[in-house]
Structures are given as C-alpha cells and as structure tokens.
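Could you walk me through this structure in my viewer, stop by stop? I would like to know what to select next and what is there.

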Amino acid sequence: MHPRNQSRRRDRRALRAALAGLATMALAAGAALVPSAAYAAGDRSIEGWMQPKGEIGLAEGQVTAHPGSQLSQIFPTVDPDTTGSFAASGSADSIGADFAYRIVERGVPTAYWIKGSVDWDGGPAGVCDIYRLQDGNLVEVDAANDSPYACTHETESRDNRAIVKFAVTSLVWATVRGTITPTGAISLDEAWYESLNQKAELNGTTIGDGTTDALASGQTSSWVVYRRNAEGGEGAKMDFGYRIIENGKPTPFYVVGHTTNTRDGLGYDHDAACDIYLGEPLAGGVKQHYSPYHCASNGSNVDGRADWKVDFTVSALPYTPVTEKHLAQQLITESCVNSESYCSYVPFSMVDVIKDPVVVGTPITNNGYVEQSESHEVSHTREITNIWELKWSVSYTWAKVFKASMEFGYERKEMEATEWKDSIEMNVEGRSVGWYELSPAYQHVTGDYMVRHNGVDYRILNSTFDIPKLFEQQSTIPGELEFKCKWLDEEEKRPGCAPAGSVGGGDPDTEAPGIEEPRPTTPADSGAATPTKASVASATDAAGLAHTGTDLTVPLIIGLGTLLAGLGAVLAVRLRRRATGGN
C-alpha cells in the first residue's frame with residue numbers, strides 16, 4: 001500500500017474521534033447539537049431550547065408532539081441561566097410540538113406559565129406567550145401590560161435541523177441598587193428594609209417582613225429593587241435603616257436612607273438620601289441636623305439610567321478630642337445654647353451605683369436609761385450631677401440634649417431632682433444618740449458630648465452623669481437605709497452602738513455634732529419621779545457636752561425619793577461649775 005494512503009486513514013480516524021468528542025461535550029452541556037441517532041434517514045428535526053435568565057427557572061414542563069412527530073431529549077425542569085431542550089422529528093411535511101412550563105423565581109413557583117410551540121411547516125417557527133393560573137385554569141395575559149415576565153425567541157436552521165431558542169426574563173422598566181459599608185470604629189445591626197416593589201432582594205435573598213442584617217466594620221451588604229411591568233408603583237425604591245454601634249457599644253443613633261429610580265416618560269429620575277436619627281426611626285426617632293456620625297453616598301449608572309446604583313458609607317464624624325475639665329465646661333456652655341446649636345450626646349453605658357451614706361432626718365438623743373421609741377421623719381433630695389460640676393437645669397440646651405439621648409437610648413424620660421420623705425419608727429437605747437443614714441441609689445451614665453465650636457468638631461470624652469435611680473413605687477427607699485447609734489458615755493462598753501463620738505463617726509474634737517438639743521425623759525419613759533428644774537437643766541448641759549466628746553459623768557436620776565432627787569440637784573450644780581469653769 002502506498003504510504004500516503006496510510007496517512008489518510010490516520011487523518012480520517014482522528015477526525016471521527018474529534019467529532020465524537022464534540023458531540024459528547026454538547027450533550028453534557030444540555031444542548032442537542034447533533035441529530036439524534038434515532039432519526040431515520042431523511043427526517044427533519046426542530047428543537048426547542050428553553051433558556052431562563054437571571055433568577056428565573058422553569059419547572060413542571062409538559063411537551064406534546066404534533067401528529068407525525070416524535071419527541072426526544074425532553075427536559076421537564078430548567079435551572080436559571082442554563083438550557084433545557086426537547087426535540088420533535090419526523091418525515092412528515094409538518095412537524096413540531098407544544099410546550100408549557102411554570103415560571104419559578106428563586107426556587108419559588110409563581111402563578112405564571114409560558115406556553116408555546118415549535119413548528120416546521122414550510123419553514124421553522126416558534127411561539128411563546130405568558131399565562132397566569134386563575135381558578136385552576138391557565139389564562140393568557142396581555143404580556144405588554146399585565147405580565148412581569150417576557151418570553152422572546154429566535155430561530156436558527158440548517159439543512160434538516162432547526163433550533164428555536166426561548167429566553168424567559170423579568171420585564172423590568174427600572175432598577176435601583178445599593179450597598180452600605182460601616183468603617184472605622186462603626187459597625188451596624190438591627191437592620192430593616194422596606195420596598196413596595198414586589199421584586200426586592202438583600203444579598204441575593206428576597207426581602208420579607210423578617211428581613212434583618214448586621215455588619216461589622218468593613219463589611220458590605222447590597223440590595224437590588226426592580227420596577228417590573230404590571231407590578232405597579234412609580235419606580236424602583238428601597239428604604240433601609242440600621243442601628244449604629246461604636247467600638248462594640250450600641251448607641252441610640254440610627255442611619256436611615258433610601259434609593260429611588262423612577263421611569264419618567266423616556267427618561268429616569270434618580271434620588272437617594274442618608275440621614276442620622278436619634279432613636280429608632282419607626283418608633284418616633286428624630287432626624288438630627290448634627291450628630292457624632294456621618295453617612296456619605298455616591299451614585300453611578302450600571303446600565304444606562306435605567307439601572308442605577310448608590311454606595312453608602314457610615315463612619316464616625318472626625319473630631320478633636322477634649323478631656324480637660326475647664327475646656328469642656330467652656331465648649332458646652334458656649335456651644336450648646338439653642339436648638340440650632342451643633343451639640344449632641346451619645347451615651348455608651350448606664351450602671352447602678354450606691355453613693356456614700358448621708359444622714360437623713362434629725363438625730364435623736366436619749367439621755368435616759370431605758371429605750372426610747374418614736375416616729376422619726378426622714379428626707380433626702382437626690383440631685384443630677386456631672387463631671388464638669390455644671391449646675392443642672394432642663395432649661396439648658398446641653399441638658400436637653402442629654403435628656404433626649406437618655407430617653408431614646410434608655411427610655412429614661414424623667415430627668416429631675418427627686419425628693420424622698422418618710423416617717424420611720426426609731427428605737428434609741430438609753431444613754432445613746434440614734435440616727436438614720438441613707439446610701440442613695442444613682443445610675444452612672446458614661447458617654448461623649450460632640451460640639452462644633454468656631455467650625456471645629458470637638459468630642460468631649462467620658463462625659464459622665466449621675467442621675468437618681470427611679471423606682472416603680474414612690475414610697476420605696478431610694479437606696480440603702482441603715483440605723484446608726486453612739487453611746488453618750490465614753491466608758492460605755494455595751495454592744496449595740498459605737499463608742500462615744502460625733503454623728504457619722506467623725507472626730508468628736510473637730511466635727512460639729514449636727515444633732516438636736518437633747519430632750520429629758522418623761523416619768524413614763526423611766527419610771528422615775530418628776531425631775532426638778534435643776535435636774536433637767538443638768539441633764540441638758542451634760543448631754544450637750546457629751547456630744548462634743550467632753551469627759552463628763554452624767555448624774556443618775558431615778559425615783560428613789562426626795563433624798564436622791566436632792567443629791568441629783570447638788571451633783572448637777574457641781575457639773576455645771578465644772579463645765580463653765582466656776583468653783
């Protein structure tokens with residue numbers, strides 16, 4: 001055999017192998033690129049290629065052959081952005097098939113179907129219409145006015161094979177997209193999204209009533225809204241909001257925005273906004289003309305003006321930090337003066353605290369030797385204080401700003417000094433002085449003031465307040481109440497009261513007693529005879545001196561008759577002389 005013939009045989013074998021490989025790849029891709037081996041010689045075939053686009057898929061496919069046609073390669077379901085096909089073949093003058101597929105959007109079956117046919121009768125052709133399921137029946141809709149979907153087709157043919165490609169898409173008139181990204185110390189949570197458009201998605205998921213979102217600093221969420229045919233509305237619009245977190249601490253501030261793309265005749269109108277609110281926007285929050293935070297936006301066309309996108313960035317407003325007390329006082333009093341001032345407060349925490357005890361009511365001294373019991377009036381006023389020692393008044397703008405932030409951040413509406421009064425039974429042992437001490441309950445608020453002074457933004461760090469803790473019942477003791485007492489006699493060693501000294505445990509030589517003048521006991525208290533004037537005076541003077549820590553022994557006054565009473569008078573005179581320095 002001639003060597004050239006062997007080469008030709010090898011070339012023919014290689015060509016057949018290559019063609020077989022192409023056929024295998026085409027079938028694997030779902031496209032019938034070569035005639036079926038089942039076709040008889042001289043048969044013609046017409047194929048329908050179903051090609052749903054984007055998030056649209058097809059399901060529940062039904063294909064029926066025309067008379068004289070045979071079906072093959074039927075795909076009952078077709079995923080988004082793939083191709084599913086069927087083929088009708090035969091030798092008759094007219095071949096073809098009818099089909100029907102349900103439209104599925106993001107895996108959810110819709111009420112819409114496509115119905116159509118492929119025919120080869122003189123020339124290949126295809127038809128595809130939109131139907132809607134109503135009362136169990138498929139009813140054709142006016143695709144131009146009443147359908148959010150479109151089905152278009154194109155035809156290819158060569159020799160005895162024809163292909164009709166059907167594209168199923170959403171019929172979109174306007175699209176608006178958006179992204180949001182927190183930066184720096186800012187993160188976002190408690191998101192809400194709302195759109196009147198039926199086709200709206202956040203991060204690829206259809207938006208519903210329970211849609212929410214949270215973003216760490218540097219993360220981005222994206223959304224897209226379509227204004228589709230027959231779905232109403234002026235255009236594509238998305239409203240959104242997030243709570244602002246700073247350095248991991250929730251704030252009462254929210255970022256709120258919207259994006260809109262409206263078809264207006266042959267053109268499109270674009271609109272976007274992003275604002276900062278104090279308080280949850282859907283629950284009475286107030287738009288701020290100045291705050292510690294900033295939202296920037298940048299819009300751009302994606303595919304002409306019909307498809308528009310806006311990128312939002314949320315950050316802390318750049319500032320000059322302030323920690324010095326007197327400078328902070330000046331900035332606050334000069335910059336927070338009226339509702340138009342650039343002044344804002346962001347609280348980061350509020351914790352319960354108990355302050356140092358204070359004496360409430362007037363201490364009671366019992367100069368007798370038996371326990372004395374009586375009703376005791378106590379009262380205390382808790383004031384609102386701040387780290388800069390500025391006098392509090394809700395008439396001041398800086399105080400109103402703080403009050404508003406506390407109302408929205410901690411639902412604290414009352415912001416006034418609170419007075420507590422009560423009547424409490426007090427039991428005072430003999431030869432002692434008793435009183436009540438209140439350790440008042442407060443709430444310690446930590447946050448930052450933000451002010452703009454002469455065009456410069458200052459942030460007054462760690463701007464703290466102490467506010468009275470509120471109780472559900474006004475009669476509740478506003479803190480920790482404790483009974484205290486001291487013996488009048490330094491040599492007294494009995495348990496129960498502290499050693500002799502001043503009220504509150506201070507130095508008796510340097511601290512004023514702060515207690516009322518002692519009152520003599522009555523016969524009913526002690527069982528003694530009625531004291532004489534001299535004995536009453538001596539008891540008063542001795543107790544008063546005992547309050548100052550003077551080394552005295554108070555006379556014993558008991559009902560042992562005239563002799564002891566007279567002795568008490570003599571002792572009282574001697575004590576007065578010692579106290580006054582007389583002889």
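## First stop: a buried threonine

Select Thr 259: with a relative accessible area of 0%, this residue is buried. Thr 259 belongs to strand 17, which covers residues 249–264. Before you go further, please keep in mind that this is a predicted model.

Now show what surrounds Thr 259. Leaving out residues up to four places away in sequence, Thr 259 touches Val 176, Arg 177, Trp 223, Ala 236, Lys 237, Met 238, Asp 271, Ala 272, Val 310 and Phe 312. Pick Ala 272 from that group and draw a C-alpha to C-alpha distance: Thr 259 and Ala 272 are 4.4 Å apart in space and 13 residues apart in sequence.

## Zooming out

Colour the whole chain by secondary structure and you will find seven helices and 31 strands. The chain has 583 residues, and 43% of them count as buried. Take the contacts between residues at least 6 apart in sequence: 67% of these join residues at least 24 apart.

## The nonpolar cores

Next, select Ile 180, Leu 188, Tyr 193, Trp 223, Tyr 242 and Val 255. These are the residues with the most contacts inside the largest nonpolar core, which has 30 residues. Strand 16 (residues 235–246) gives the most to this core, with five residues. Another core, of 26 residues, lies apart from it, and includes Ala 88, Ile 114, Trp 120 and Val 168.

Go back to Tyr 193 and display its contacts. Not counting residues up to four places away in sequence, Tyr 193 touches Ile 180, Leu 202, Ile 207, Trp 223, Met 238, Asp 239, Phe 240 and Tyr 242.

## A partly exposed leucine

Move on to Leu 138, in strand 8 (residues 137–140). Is Leu 138 buried or partly exposed? Its relative accessibility is 29%, so Leu 138 counts as partly exposed. Apart from neighbours within four places in sequence, Leu 138 is in contact with Trp 113, Lys 115, Tyr 131, Arg 132 and Leu 133. The C-alpha atoms of Leu 138 and Lys 115 are separated by 9.4 Å, and the two residues are 23 apart along the chain.

## The aromatic rings

Now show the aromatic side chains; there are 26 aromatic pairs to find. One of them is the stacked pair of Tyr 396 and Trp 398, with 6.0 Å from centre to centre and 25 degrees between the planes. The partners sit in unlike surroundings: Tyr 396 is partly exposed because its relative accessibility is 35%, whereas Trp 398 is buried because its relative accessible area is 4%. Widen the selection to Tyr 345, Trp 388, Trp 392, Tyr 396, Trp 398, Phe 402, Tyr 449 and Phe 465, and you have one aromatic cluster.

## Last stop: the largest pocket

Finally, select Gln 288, His 289, Ser 339, Cys 343 and Val 401. Among the 19 residues lining the largest pocket, these lie nearest its centre. About 340 Å³ of space lies in this pocket.

Which helix gives the most to the lining of the largest pocket? Helix 4 does, with six residues. Highlight helix 4 (397–410) together with strand 19 (286–287) and strand 23 (343–354), since each of these elements supplies at least two residues of the lining. Then colour the lining by class: nine residues are nonpolar, eight are polar and two are charged.

Notes
Residues are numbered from 1 along each chain as its sequence is written. This is a predicted model: local features need pLDDT of at least 70, side-chain atom pairs count only at pLDDT 80 or more; totals for chains, interfaces and linings use all residues. Side-chain values use heavy atoms; hydrogens and water are left out. On a 1 Å grid over the protein atoms alone, a cavity is a set of points where a 1.4 Å probe fits but cannot get out, and a pocket is an open set with protein on both sides within 12 Å along at least five of seven lines; lining residues have an atom within 4 Å of a point. Grid points are joined across faces, edges and corners, and a volume is the space filled by probe spheres set on the points. Helices (H or I, at least four residues) and strands (E, at least two) are DSSP runs, numbered from the N terminus. Ala, Val, Leu, Ile, Met, Phe, Trp, Tyr, Cys and Pro count as nonpolar, Asp, Glu, Lys and Arg as charged, and the others, Gly among them, as polar. A nonpolar core is a set of buried Ala, Val, Leu, Ile, Met, Phe, Trp, Tyr and Cys residues joined through side-chain atoms within 4.5 Å. Buried means under 20% relative accessible area, exposed over 50%, partly exposed in between (1.4 Å probe, protein chains only). Contact means heavy atoms within 4.5 Å. Rings of Phe, Tyr and Trp (its six-membered ring) pair if their centres lie within 6.5 Å; planes under 30 degrees apart count as stacked, over 60 as edge-to-face and the rest as tilted.
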